[in-house]
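The following exercises concern one protein chain. Please consult the sequence and the structure as each solution is worked through.

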Amino acid sequence: MNSTHDTHSAHAVSSSDSPGSPDSSEFPRQFARTRRFSLGVPRKFTLSPDGSRVLFVRTGSGTDPVGRLWQHEDGGERLLADPALLVGAGSGAVPEEERLRRERARERSEGVVSYATDDAARLVAFALSGALWAVRTEGGTPFSVPAAGPVVDPRPSPDGRHIAYVSRRSFHVVDLSGTDRQLTRAEGPDVSYGLAEYVAAESMGRMRGYWWAPDSRHVLVSRVDTSPVQRRYIGDPADPTRPPRAVPYPAAGTPNAEVTLQILSLEGERVDVEWDRKAYEYLVGAGWDAHGPYLAVQSRDQRTVRTLSVDPATGATDVLHERTDPAWVELVDGTPARTASGALVLPEDDGDTRYLTVGGRRVTPEGLQLCAVLGVEGERVLFTASEDPLETHVWRHEPGHGCRRLSRGPGRYTGVGRGGTVVLAGVTPRGDEVGVLWGTGTGPGTGTGPGRGPGPGTEADEEVRYQPITSLAEEPSVTPRPLHLRLGERQLHGALFLPSWHEEGAGKLPVLLDPYGGPTVQLVGRGRGWNSCVSQWFAEQGFAVLVVDGRGTPNRGPAWEKTIHGDQLTPALEDQMDALRAAGERCDDLDLTRVAIRGWSFGGFLAAAAVLHHPEVFHAAVAGAPPTDQRLYDTHWKERYLGHPEQQPENYVRSSLIGHGHLLRRPLLLVHGLADDNVAAAHTLRFSAELLAAGKPHSVLPLPGATHLPADDAVNEQLLHFQRDFLLDALAERGDGE
């Protein structure tokens, strides 16, 4: 490595000493203590029927992990529930089912992390350390509700007279006086009622296991039997006195849990819901509206999804709609749903567009990619969609008025709507921003939003009023400075992060690719998310950091997403290399003789694959929680892309790292949480054993007690330092001559 490169690398580690450069030395600690800048951000919104009140959860500050329940009304905020003020709250252990549910939801806080309300949003129920609590939004303090045992996922009935919950895998309903009815009892340790099974929560996006009927007298409840499912045993090697816990994990090609549905009445009556479970073993969605109960079921090969209506008296089902696809039917959050008139709200893939359909008719134009349905009120449908892959916006469709975009400023938005009011939550260039659009009404309008509202006195201002909800999140000590690029023949979306202290032409910078690169996740966008802050921090350490969304990532249309069918590795890796070459042609300061790559989960898999298969391009890698053997991953996620391993074993061979360890020629750091029940630590341990047997030097960093996303602040802080030092050392050795 020549003196110019040495100067830049040394300067990078202490870049805060450079005139005009940000203080990046504080960032790793800040990143960890703010839980990726998620603390203090308002979230989990509920609107009252008239749209006048907004309920939400927010922690006390950008470093306080305790969630509190708030109500926003008439321009002010009122605290509804603070765990610190509740007698006995937080004194018990969180039930295992609740802990797992939080992990599946990627919760990074504690205290009030979720809640549910009655239809009027007057009664709120929530769980604290297994105890059941409720509060009335019109006033008063929270009160405890006697329950039969540790409480998981409490939900009030629509009329607010009862609260349903799960305890010890059995389903209960309690009234506010404490009269408890156990409507089902788990018949054994492998059975649960009212909880989502593993693949539903991890791979389908279905986090719920029961749904109230509008009459508040009946509930649609799932029953899960995991006895056919293979067990994994997860222990803590750092504490050999603790026994391992058994986890039912359906690996690709193995049996799934048996999932059924029952309609239960408060009087104890039970009706079993009937459908062809042999042909459609996945329950991907369900609900109960004014037209009755309904559900969506999917075949094991995921090429067919049926929407079924249910006769609540007999449990018989009828097919309302069927979607098919030769690769897989993509599941879209919030669907199926129905309008007040009974029109089905569904996605439809055609060519390179994912449309929103209502009553069998496409209501969105070609090129506008449906992302999720946020809610249905009357005949209105609130949804998110992308015109530009770098942005996601909230839209509303209403008969007679068409589609109207409600979020205006650049970023990625989601939201909720009710009673003519819409809450918008966006990741914008300024960070997380949340606000309320009051009086969105009907008609085309112009809409308003953060950063782009109409001027005072305009017609649009009279129609729509925007009011922010305060975020208490910390401001990152590093400010992302992405240069957005379109790269290569496939016009790949990329973001290039350069050190703030770097002057063009002053010297070559080593390159760090920082991708995810897999399904359902986009990293490149016009918003300051935590990922972009991390990429900029690595840039301040002396790298030119390139982030690329390649084939298989969302919001560029179904054809783009499904190019990875049968091969999750080759297209993803080709796109990273094509983007790297194109970026090097665009920016002379990129040193393509010193290229590293880092990533987590799919990104970790991609990073390890890069140094295995293309050492001529990639010279060092950090692979966090990489799925090295695709056969070890779960049924619903992995068979979606690669098929059944017994029928298409070649897809698993070409998409796995196992079997290719002998190819390693570059420095590789493997990082894995030893309590990971998503991507099991066996992925890394088996791959490391293969590398060792092949005589291939590598490094392994085990994280005792850590799950798929490490929760320990000290670990998350030091992980950034550890990765930086490993990569700088690896590329420094290359600069001095291999």
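**Exercise 1. Determine how strand S16 is paired with strand S14 and with strand S15, using the predicted model.**

Step 1. Strand S14, residues 191-193, is joined to S16 by three bridges, and the two run antiparallel. Within this pairing, tyrosine 193 has arginine 223 of S16 as its bridge partner.

Step 2. Strand S15, residues 210-212, is likewise antiparallel to S16, with three bridges between them. Here tyrosine 210 is matched with valine 221 of S16 as its bridge partner.

Step 3. S15 and S16 form a hairpin, and five residues lie between the two strands.

**Exercise 2. Identify how many bridges join S16 to strand S19, and state how far S16 is covered.**

Step 1. S19 covers residues 258-265 and pairs with S16 in the antiparallel sense over eight bridges. Leucine 220 has isoleucine 263 in S19 as its bridge partner.

Step 2. S16 itself spans residues 218-225 and is mostly covered, since seven of its eight residues are buried.

**Exercise 3. Classify serine 216 and arginine 169 as buried, partly exposed or exposed, and describe the backbone at each residue.**

Step 1. Serine 216 is located in the loop between S15 and S16. Its phi is near 60 degrees, a positive value in a residue other than glycine.

Step 2. Buried means under 20% relative accessible area. Serine 216 has a relative accessible area of 1% and is therefore buried.

Step 3. Arginine 169 lies in the loop between strand S11 (162-167) and strand S12 (170-175). Phi is near 70 degrees for arginine 169, again a positive value in a residue other than glycine.

Step 4. Because its relative accessible area is 25%, arginine 169 is partly exposed.

Step 5. For context, most residues other than glycine have a negative phi.

**Exercise 4. Describe the peptide bond from threonine 335 to proline 336.**

Step 1. Proline 336 occurs in the loop between strand S24 (317-324) and strand S25 (337-338).

Step 2. The bond from threonine 335 to proline 336 has omega near 0 degrees and is cis. In general, most peptide bonds are trans.

**Exercise 5. Describe the surroundings of glutamate 391.**

Step 1. Glutamate 391 sits in the loop between strand S30 (380-386) and strand S31 (393-398).

Step 2. Glutamate 391 counts as buried because its relative accessibility is 13%.

Step 3. Its side chain makes a polar contact with the side chain of histidine 393, at 2.6 Å.

Step 4. Leaving aside neighbours within four places in sequence, glutamate 391 is in contact with Ser386, Gly409, Pro410, Gly411, Arg412 and Arg526.

Terms used:
Residues are numbered from 1 along each chain as its sequence is written. This is a predicted model: local features need pLDDT of at least 70, side-chain atom pairs count only at pLDDT 80 or more; totals for chains, interfaces and linings use all residues. Side-chain values use heavy atoms; hydrogens and water are left out. Buried means under 20% relative accessible area, exposed over 50%, partly exposed in between (1.4 Å probe, protein chains only). Helices (H or I, at least four residues) and strands (E, at least two) are DSSP runs, numbered from the N terminus. Two strands pair if DSSP finds at least two bridges between them. A polar contact is a pair of N or O atoms within 3.5 Å; within protein, one must be able to donate a hydrogen and the other to accept it, and residues adjacent in sequence count only if both atoms are side-chain atoms. Contact means heavy atoms within 4.5 Å.
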